[in-house]
Amino acid sequence: MTAVDSPEKILFTSTTQAFLSKEASLRHVRDLHGAGESFDPAWWRRAAELGWTGLLVPEELGGGSASGDGFADLAMVAELLGKTVAPGPLYPVSTVLAGLVEASDRDNHTGLIDALVSGQTVASWAVAEPRRGWVPQDPTVGFVPADSGYRIDGVKDRVEAAAQSAVLLVTARSGADSSVVRQFLVGTDAPGVRITPVQSVDMVKQYATVEFDGVIVDGSAAVGNAAETPALIERQSQIAQVLQCAEVVGILQTVFDFTVQWALDRHSFGRPLASYQALKHGFADMKMWLEACRATTAAAVADVAAHAPDAALSASVAKSYVGELAGPIVQRCVQMHGGIGVTWEHDLHLYLRRVTLYRNMFGTPEEHNLAVYRMAGR
């Protein structure tokens, strides 16, 4: 928060913090993992009541934001989620809503938008594919006209909360014209849809492979027209990437803070560990990297929120930098804790798991380095 934050945003932030502290603590994360669950649907509905799901939705469609900048508010929520590596389908629901509300035919999907905003329904974006890098504009899943709708065939991979979702927003390429890419809403209970859970390194984030074998959808399942779909996919990509960066910043700040406190509390030869010069240098390096992660993420949040011409560049810069440095920062914190840092009982591994997962979601640092090179050289 800043000195110019409105009372409404301060209240929204404090309410979100209190909710996460009470109902999405690290203990809750461990309990969910022990039960083999990703999140509690009733918990998600309460989160939706706080306004999380409506931040990217215009007021006339039932949404709204505390500050007037819905994406900045959503990034704030993501950063707070990082403090307890909280569960929940914030990113899949947000990316689907972004695609729906920014499409020219959004009035055709008001029922689904209402259900997502209320938290009664969960949806996910099916964009990644097996054995392929981050190429959202180049799907191999195909569609062809069929009767009054479309037939969809192919396989999507790394679909978050697929097993908990009622609807998937699927990117697909036309079988008649390979230059045409569209997005379709597909019910997870539709004939021909098969969801296979895959193991995740994270404690509560669950993913799945989704097969589409001759799945028939009607014409109203299409989201947006062919001309606007590439821009919608790009917008959804930026939102997913920058929200993950914001969460990682929250993770890094939390891990850094309790590692510093550990070094102050722990003594060796009658002195706090934090008093040793080698550790001081390590903390200085980590603090510099953390603030650089925060700055690149803040710039990306501002550009994506404003639909700036360089929003894609800013998102790739943030995803590359944060993705590359988050792992080493947390690993250093593990090392500074010594033996206790690698135990199941300590919380460090919960944070390390999340940043390790996010390094490879929505594009690796290496892929975004190449994207920055291409965009900066245009």
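Is helix α10 largely enclosed by the rest of the structure or largely open, and how many of its 12 residues are buried? In this predicted model, 9 of the 12 residues of α10 are buried, so the helix is largely enclosed by the rest of the structure.

The overall architecture sets the frame for that result. The protein contains 11 helices and 10 strands. Its radius of gyration is 21 Å, close to the 21 Å given by the globule rule for 378 residues, so the protein is as compact as a globular protein of that length. The C-alpha trace spans about 80 × 45 × 40 Å along the principal axes. Of the 378 residues, 54% are buried. Contacts between residues 24 or more positions apart make up 73% of those with a separation of 6 or more.

The surface and the charges were also computed. The protein exposes about 16,100 Å², and carbon and sulfur atoms supply 55% of this area. There are 30 positive and 42 negative side chains. The centres of the two sets lie 8 Å apart.

Helix α10 covers residues 348–359. At 1.5 Å a residue, its 12 residues should span 16 Å. The end C-alpha atoms are 17 Å apart, which agrees. The buried residues of α10 are Leu348, His349, Leu350, Tyr351, Leu352, Arg354, Val355, Leu357 and Tyr358. His349 and Arg354 are thus listed as buried alongside Leu348 and Val355. The buried residues pack against several elements. Among them are the helices α2 (26–35), α4 (70–83) and α5 (90–101). Strand β7 (207–218) also takes part, as do α7 (229–265) and α9 (311–337).

Helix α7 is one of these partners of α10. At 1.5 Å a residue, the 37 residues of α7 should span 54 Å. Its end C-alpha atoms are 54 Å apart, which agrees. The helix is mostly covered, with 27 of its 37 residues buried. Val248 belongs to α7. Its relative accessibility is 4%, so Val248 counts as buried. Beyond its neighbours within four places in sequence, Val248 is in contact with Val322, Ala326, Val355 and Tyr358. Val355 and Tyr358 are among the buried residues of α10. The C-alpha atoms of Val248 and Lys83 are separated by 8.9 Å, although the two residues are 165 apart along the chain.

Helix α9 also packs against the buried residues of α10. Cys333 is placed in α9. At 0% relative accessibility, Cys333 counts as buried. Outside its neighbours within four places in sequence, Cys333 is in contact with Val255, Phe256, Thr259, Met286 and Leu348. Leu348 is one of the buried residues of α10. Cys333 and Leu352 are 19 residues apart in sequence, and their C-alpha atoms are 9.8 Å apart in space.

Val334 lies in α9 as well. Its relative accessibility is 10%, so Val334 counts as buried. With neighbours within four places in sequence set aside, Val334 is in contact with Gly341, Val342 and Leu348. Leu348 therefore appears in the contact lists of Cys333 and Val334 alike. Val334 and Gly187 are 147 residues apart in sequence, and 42 Å separate their C-alpha atoms.

Helix α8 covers residues 277–305. Glu291 has its place in this helix. At 31% relative accessibility, Glu291 counts as partly exposed. Glu291 and Val249 are 42 residues apart in sequence, with their C-alpha atoms 8.8 Å apart in space.

Two loop residues have positive phi values without being glycine. Val85 has phi near 40°. This residue is found in the loop between α4 and α5. Its relative accessibility is 1%, so Val85 counts as buried. His307 has a positive phi of about 55°. It lies in the loop between α8 and α9. His307 is partly exposed, with a relative accessible area of 49%.

Notes:
Residues are numbered from 1 along each chain as its sequence is written. This is a predicted model: local features need pLDDT of at least 70, side-chain atom pairs count only at pLDDT 80 or more; totals for chains, interfaces and linings use all residues. Side-chain values use heavy atoms; hydrogens and water are left out. Helices (H or I, at least four residues) and strands (E, at least two) are DSSP runs, numbered from the N terminus. The radius of gyration is taken over C-alpha atoms; the globule rule is 2.2 Å times the number of residues to the power 0.38. Buried means under 20% relative accessible area, exposed over 50%, partly exposed in between (1.4 Å probe, protein chains only). Contact means heavy atoms within 4.5 Å. Accessible areas come from the Shrake-Rupley method with a 1.4 Å probe; for residues, only the protein chains shown count as cover. Lys and Arg count as positive and Asp and Glu as negative; His and the chain ends are not counted. The place of a charge is taken as NZ of Lys, CZ of Arg, CG of Asp or CD of Glu. The expected span of a helix is 1.5 Å times one less than its number of residues.
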